[in-house]
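Before turning to any single residue, it helps to follow the order of the fold and then to look at one helix pair and one loop position in turn. Please keep the sequence and the model side by side while reading.

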Amino acid sequence: MKTFREIREAKIKQIKLDFDVGDPREFAPDWQEEGVFLVNWNKRKMEMTVEGEPKALMKWLTGTYGLSSSEAKRAMRWRSLNN
């Protein structure tokens, strides 16, 4: 039986981020291998919405996306589309 902590951590989280390096759909297959999935891309606003489990999303934000640990935590908290 799963513990409450495991259930809470398994929750999928969506966040909206700026992306001005071209088309994120080109990078989506690589991100999927890391557990992060592209949900939406607004070309006009240069924003994308990604989702994944919190641990995978945090690792992706600090590694692939290039945020510092504190910036990634802030993005997870403030740019989250579902709490």
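**From overall order to local detail**

Read from the N terminus, the elements of the chain follow the order α-β-α-β-β-α-α, which amounts to 4 helices and 3 strands. The model is a predicted one, and the values discussed here are computed from it. Of the 83 residues that make up the chain, 27% count as buried, while the surface that the chain exposes comes to about 6,000 Å², with carbon and sulfur atoms supplying 50% of that area. Among the contacts in the chain with a separation of 6 or more, 55% are accounted for by residues that lie 24 or more positions apart.

The next stop is a pair of helices. Two packed helices are described by the angle between their axes together with the distance between those axes. For helix α3, which covers residues 54-62, and helix α4, which covers residues 69-78, the axes come within 9 Å and cross at roughly 135°. Because an angle over 145 degrees would be needed for a roughly antiparallel pair and one of 65 to 115 degrees for a roughly perpendicular pair, the crossing makes α3 oblique to α4. The crossing in which α3 passes α4 is right-handed. On the α3 side the contact is made by P54, L57, M58, L61 and T62, and on the α4 side by S69, A72, K73 and M76. Sorted by class, this contact of α3 with α4 comprises 6 nonpolar, 2 polar and 1 charged residues.

A single position in a loop deserves a separate look, namely M46, which is found between β2 (36-42) and β3 (47-52). Is M46 buried, partly exposed or exposed? Its relative accessibility is 30%, and since buried means under 20% and exposed means over 50%, M46 counts as partly exposed. The backbone at M46 has a positive phi of about 60°, although this residue is not a glycine.

Which residues does M46 touch, once its neighbours within four places in sequence are left aside? The contacts of M46 are then with L17, D18, F19 and D20. As for V21, its C-alpha atom is separated from that of M46 by 8.9 Å, the two residues being 25 residues apart along the chain.

Methods
Residues are numbered from 1 along each chain as its sequence is written. This is a predicted model: local features need pLDDT of at least 70, side-chain atom pairs count only at pLDDT 80 or more; totals for chains, interfaces and linings use all residues. Side-chain values use heavy atoms; hydrogens and water are left out. Axes are lines fitted to C-alpha atoms, for helices over the stretch in contact, and angles run from 0 to 180 degrees between N-to-C directions. Helices (H or I, at least four residues) and strands (E, at least two) are DSSP runs, numbered from the N terminus. Angles under 35 degrees count as roughly parallel, over 145 as roughly antiparallel, 65 to 115 as roughly perpendicular and the rest as oblique. A crossing is left-handed if the near helix is turned anticlockwise from the far one by less than a right angle, and right-handed if clockwise. Contact means heavy atoms within 4.5 Å. Ala, Val, Leu, Ile, Met, Phe, Trp, Tyr, Cys and Pro count as nonpolar, Asp, Glu, Lys and Arg as charged, and the others, Gly among them, as polar. Buried means under 20% relative accessible area, exposed over 50%, partly exposed in between (1.4 Å probe, protein chains only). Accessible areas come from the Shrake-Rupley method with a 1.4 Å probe; for residues, only the protein chains shown count as cover.
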